[in-house]
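Please open the model in your viewer and keep a selection command at hand. The stops below are taken one after another, each with a selection to make and a description of what is found there.

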Amino acid sequence: MITFNKPHLTGKETHYIYDAVKTGKLSGNGKYTKMCHDYFQNTFGFGKCLLTTSCTDALEMAAILLDIKEGDEVIMPSYTFVSTANAFVLRGAKIIFCDSRKDHPGIDEEKIEQLITSKTRVIVPVHYAGVACDMDKIMDLAAKYDLFVVEDAAQAIDSYYTGRDGIKRALGTIGHLAAFSFHETKNIISGEGGMLVVNDDRFKERSEIIWEKGTNRSAFFRGEVDKYGWVDIGSSFLPSEIIAAFLWAQLEELEEIQFRRIEIWNKYFNELQSWAEINKCHLPYIPTYGSNNAHMFYIVCKNGKQRKSLIDHLKKNNIHAVFHYLSLHKSDFYSKNCRDIILPNSDHFSNVLVRLPFFLALNNNDLENIIKNIKQTKFELI
Ligand SMILES: *Cc1c(COP(=O)(O)O)cnc(C)c1O
């Protein structure tokens, strides 16, 4: 069976975990956490980095930092993971779902402005498949209406946006805040794990307090205050050193991991291009301002029937391909409270997008087998 995902281990994970255990410092914010923070800040130019136990947690921290309150409105795509929305719902916000682009599951930047009201506080672009949203357009709207931008960069490590000034910036450096995931299905993993990036100076001090359960413990350990105590709301968002040690092993190999992922992605793309054209499917679209971090490879089928034939045929041949998000505006939780909204592009991707197996251990034989089986799928019932 070729599974959809298989976590990649560099081989050094247990070595660094052993080191962390031997050192006797197991709780968070120790040596490995700091090494990861420094690596991210130096490699990608992120603002203040704070490892968290998940991207979900990083998004929840963002909602606390932005003081989201009952009745505030937050604009995000409907085609996303529940955590993007839940983080703000937990603070009482009303989620305003925006449609996807026609050519990509990311938020349609042209449809955001019409959703802005006097209650809007935040826009959350999700860089789907690690491909950049058009951040100049989103940051312009945020400046015009005095809003905050939280990048859901869960899938977007080592991916970039080239703005109209011609400068290439890492995703996660552009919004006021950004959230990353190191869940085992992402490019760089620690089992469960995430990170909040704080680019706006106004939030840097408070972010550390919220991270440390509402205390000024970090400032105390730096010698900036002579005692530490309860100064704000907060929670236990920081991961243990065991998780950070695992993540460190992955970061050491980030370049090699990314190199192989790009090779796999390119093989799928090159070998499926003419097949997709003949069968009226679409392969992933990468706009000129974006880059490809090879987070996932998907096919946008012509219709739901075609997708079903493809998934069924692959399954019969022991290949596990899967669909992805169901539009959140159609979810049981959301639709029971909200008037009908119609987001045709989001629904389209819910109905027809299929993701192919994608992980480092896929060798060329596996890839050729998958590609051959895709090409052999019969669509005669359509
Ligand atoms: C994976 C993912 C998340 C959640 O990440 P966790 O680390 O599992 O909490 C949130 N948003 C998007 C877009 C994701 O892909």
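Select R101 to begin: does R101 count as buried or exposed, and at what relative accessibility? R101 counts as buried because its relative accessibility is 16%, where buried means under 20% relative accessible area, exposed means over 50%, and partly exposed lies in between (1.4 Å probe, protein chains only). Before going further, note that this is a predicted model, in which local features need pLDDT of at least 70 and side-chain atom pairs count only at pLDDT 80 or more, while totals for chains, interfaces and linings use all residues. Residues are numbered from 1 along each chain as its sequence is written, and side-chain values use heavy atoms, with hydrogens and water left out.

**Salt bridges around R101**

Keep R101 selected and add D103, whose side chain meets that of R101 in a salt bridge at 2.8 Å, N to O; the term stands for a side-chain nitrogen of Lys or Arg within 4 Å of a carboxyl oxygen of Asp or Glu. D103 counts as partly exposed, at 34% relative accessibility. Now add E109, which forms a salt bridge with R101 at 3.0 Å, N to O; here both partners, R101 and E109, are buried.

Move next to D165 and R169, a salt bridge in which the closest N and O atoms are 3.0 Å apart. D165 is partly exposed with a relative accessible area of 45%, and R169 is likewise partly exposed, at 31%. Then select K48, E208, R222 and E224, which are joined into one network by salt bridges that share partners. The structure holds 25 salt bridges.

**The annotated lysine**

Select K186, which sits in the loop between β8 (177–181) and β9 (194–198); helices (H or I, at least four residues) and strands (E, at least two) are DSSP runs, numbered from the N terminus. UniProt, in an unreviewed entry, places the feature "active site" at K186, and the annotation "modified residue: N6-(pyridoxal phosphate)lysine", also from an unreviewed entry, covers K186. Such annotations may be inferred rather than shown by experiment; their positions are given in the numbering used here, and feature names are shortened. In the model K186 is buried, with a relative accessible area of 18%.

**Two helices, each with a buried face**

Select residues 31–44, helix α2, whose 14 residues should span 20 Å at 1.5 Å a residue, and whose end C-alpha atoms are indeed 20 Å apart; the expected span is 1.5 Å times one less than the number of residues. Colour Y32, T33, C36, H37, Y39, F40 and F44, which are buried. Seen down the axis of α2, these buried residues fall within an arc of 160 degrees, so they line one face of the helix, the arc being that of the directions from the helix axis to the C-beta atoms. An α-helix has 3.6 residues a turn, so residues three or four places apart point the same way. Following α2 is G45, whose phi is positive, near 75 degrees.

Go on to residues 364–376, helix α13, whose 13 residues should span 18 Å, in agreement with the 18 Å between its end C-alpha atoms. Its buried residues are L367, I370, I371, N373 and I374. Viewed down the axis of α13, they too fall within an arc of 160 degrees, so they line one face of the helix.

**Positive phi in two loops**

Most residues other than glycine have a negative phi. Select N29, in the loop between α1 (13–23) and α2, where phi is positive, near 60 degrees; N29 counts as buried, at 18% relative accessibility. Then select D67, in the loop between α3 (55–65) and β2 (73–77), which has a positive phi of about 55 degrees although it is not a glycine. D67 counts as partly exposed, at 37% relative accessibility.

**A last stop at the surface**

Finally, select V21, L26 and I242, which make a nonpolar surface patch of about 220 Å². Patches are made of residues with over 30% relative accessible area and no salt bridge, like charges being joined within 9 Å and nonpolar side chains (Val, Leu, Ile, Met, Phe, Trp, Tyr) within 5 Å; accessible areas come from the Shrake-Rupley method with a 1.4 Å probe, and for residues only the protein chains shown count as cover. I242 lies in helix α8 (residues 241–252) and counts as partly exposed, at 33% relative accessibility.
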